[in-house]
Amino acid sequence: MEVTRLKSMFVLLPDTPAIYPVWESLVTQYQVSGKPAHDARLVAAMQVHGLTAILTFDRSGFSRFPGIEVVHPAEVAAGEQ
């Protein structure tokens, strides 16, 4: 039930075949390997779908990718006050 509730709160973008070549280019260009390859996958999906900001607790994991704005949840919570 919780997953259904969360899915209703957000627009879910499709996982398309166009993401893979963008991901492959990113991991090659930025020499990404291991767990950070997952971050590169998220960046590839963002680029394919035209997104530039990501909400995450990981302030540094996306710093190697230009054009990606990292928004920490604490910043969002502070803006609501």
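## Around V43

Leaving aside neighbours within four places in sequence, V43 touches L26, F62, F65 and I68. Keep in mind as you look at these contacts that the model is predicted.

V43 also belongs to a wider group: along with V32, F65 and I68, V43 is among the residues with the most contacts inside the largest nonpolar core, which has 14 residues. Two elements, α2 (19-29) and α3 (36-49), each give two or more residues to this core. The largest share, six residues, comes from α3. As a general point, nonpolar side chains in soluble globular proteins tend to be buried together.

## Helix α3

Let's follow α3 itself. Its end C-alpha atoms lie 20 Å apart, and this agrees with expectation because 14 residues at 1.5 Å a residue should span 20 Å.

The buried residues of α3 are A37, D39, A40, V43, A44, A45 and M46, and they pack against α2 and β1. After the helix comes G50, with a positive phi near 75°.

## The largest pocket

If you are curious about open space, the largest pocket holds about 540 Å³. Its lining is made up of 19 residues, and L13, L42, M46, L51 and I54 are the ones nearest the centre. Here α3 and β1 (53-55) are the elements that give two or more residues to the lining.

Once again α3 has the largest share, with six residues of the lining. By character, the lining divides into 14 nonpolar, three polar and two charged residues. M46 is worth a look here: this residue is buried in α3 and is also one of those nearest the pocket's centre.

Terms used. Residues are numbered from 1 along each chain as its sequence is written. This is a predicted model: local features need pLDDT of at least 70, side-chain atom pairs count only at pLDDT 80 or more; totals for chains, interfaces and linings use all residues. Side-chain values use heavy atoms; hydrogens and water are left out. A nonpolar core is a set of buried Ala, Val, Leu, Ile, Met, Phe, Trp, Tyr and Cys residues joined through side-chain atoms within 4.5 Å. Buried means under 20% relative accessible area, exposed over 50%, partly exposed in between (1.4 Å probe, protein chains only). Helices (H or I, at least four residues) and strands (E, at least two) are DSSP runs, numbered from the N terminus. Contact means heavy atoms within 4.5 Å. On a 1 Å grid over the protein atoms alone, a cavity is a set of points where a 1.4 Å probe fits but cannot get out, and a pocket is an open set with protein on both sides within 12 Å along at least five of seven lines; lining residues have an atom within 4 Å of a point. Grid points are joined across faces, edges and corners, and a volume is the space filled by probe spheres set on the points. Ala, Val, Leu, Ile, Met, Phe, Trp, Tyr, Cys and Pro count as nonpolar, Asp, Glu, Lys and Arg as charged, and the others, Gly among them, as polar. The expected span of a helix is 1.5 Å times one less than its number of residues.
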